[in-house]
Amino acid sequence: MEMREITANIKKALLEAGYNNNLSVTRGKGTACMWVHVKMDVPRHENCSCGEPDEYGRRETCDKCKDKFRAVYNTVNQVATLASGRGGLPYENQNILVNIGWAN
Ligand SMILES: [Zn+2]
């Protein structure tokens, strides 16, 4: 598969899996051109009890959000790896970088 197809397949699979929050799937530049960068925002858990932001905007993350974050990270890696056609061990050595952050 060409890189253009790989990034398109990954984006399609993630959208179909419901991950559409500021999702971007791009390829690296130059010598990193075989790398796929997946970025998206994750809404906090519906029963979130994270702390209020401090004066620097930092928030303590509640256990529900920690669990959700890990689950989303793992699922996104698995979906992206499958869609890339690169196979092998689950999201190891597949040159796919998943970078997720809180949406709120
Ligand atoms: Zn929370």
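This briefing walks through a sheet and the helices that lie against it. The model you are looking at is predicted. At its heart, for our purposes, is an open sheet of three strands in the order β1-β2-β3, with mixed pairing. The edge strands are β1 and β3, each of which pairs on one side only. On average, neighbouring strands of this sheet are turned by 15° against each other, ignoring direction.

**A little background**
- Strands of a sheet pair through backbone hydrogen bonds, and the pairing can be parallel or antiparallel.
- Side chains in a regular strand alternate between the two faces of the sheet.

**Pairing of β1 and β2**
- To find these strands, look for residues 24–27 (β1) and residues 36–42 (β2).
- They pair in the antiparallel sense, over four bridges.
- For one example, follow Ser 24 across to β2, where its bridge partner is Lys 39.

**Pairing of β2 and β3**
- Strand β3 covers residues 96–102 and runs parallel to β2, with seven bridges joining the two.
- Lys 39 turns up again here, standing opposite Asn 99 in β3.
- Met 40 stands opposite Ile 100 in β3.

**Helices on the sheet**
- Helix α1, made of residues 3–16, packs on the sheet and touches β1 and β2.
- The direction of α1 makes about 165° with that of β1.
- Helix α2, made of residues 63–84, lies across β2 and β3.
- Which angle does α2 make with β3? Helix α2 runs at about 150° to that strand.

Notes: Residues numbered from 1 in each chain as written. Predicted model: local features only at pLDDT ≥ 70, side-chain atom pairs only at ≥ 80, totals over all residues. Pairing = 2+ DSSP bridges. Axes fitted to C-alpha atoms, helices over the stretch in contact; angles between N-to-C directions. Contact = placed C-beta atoms within 7 Å.
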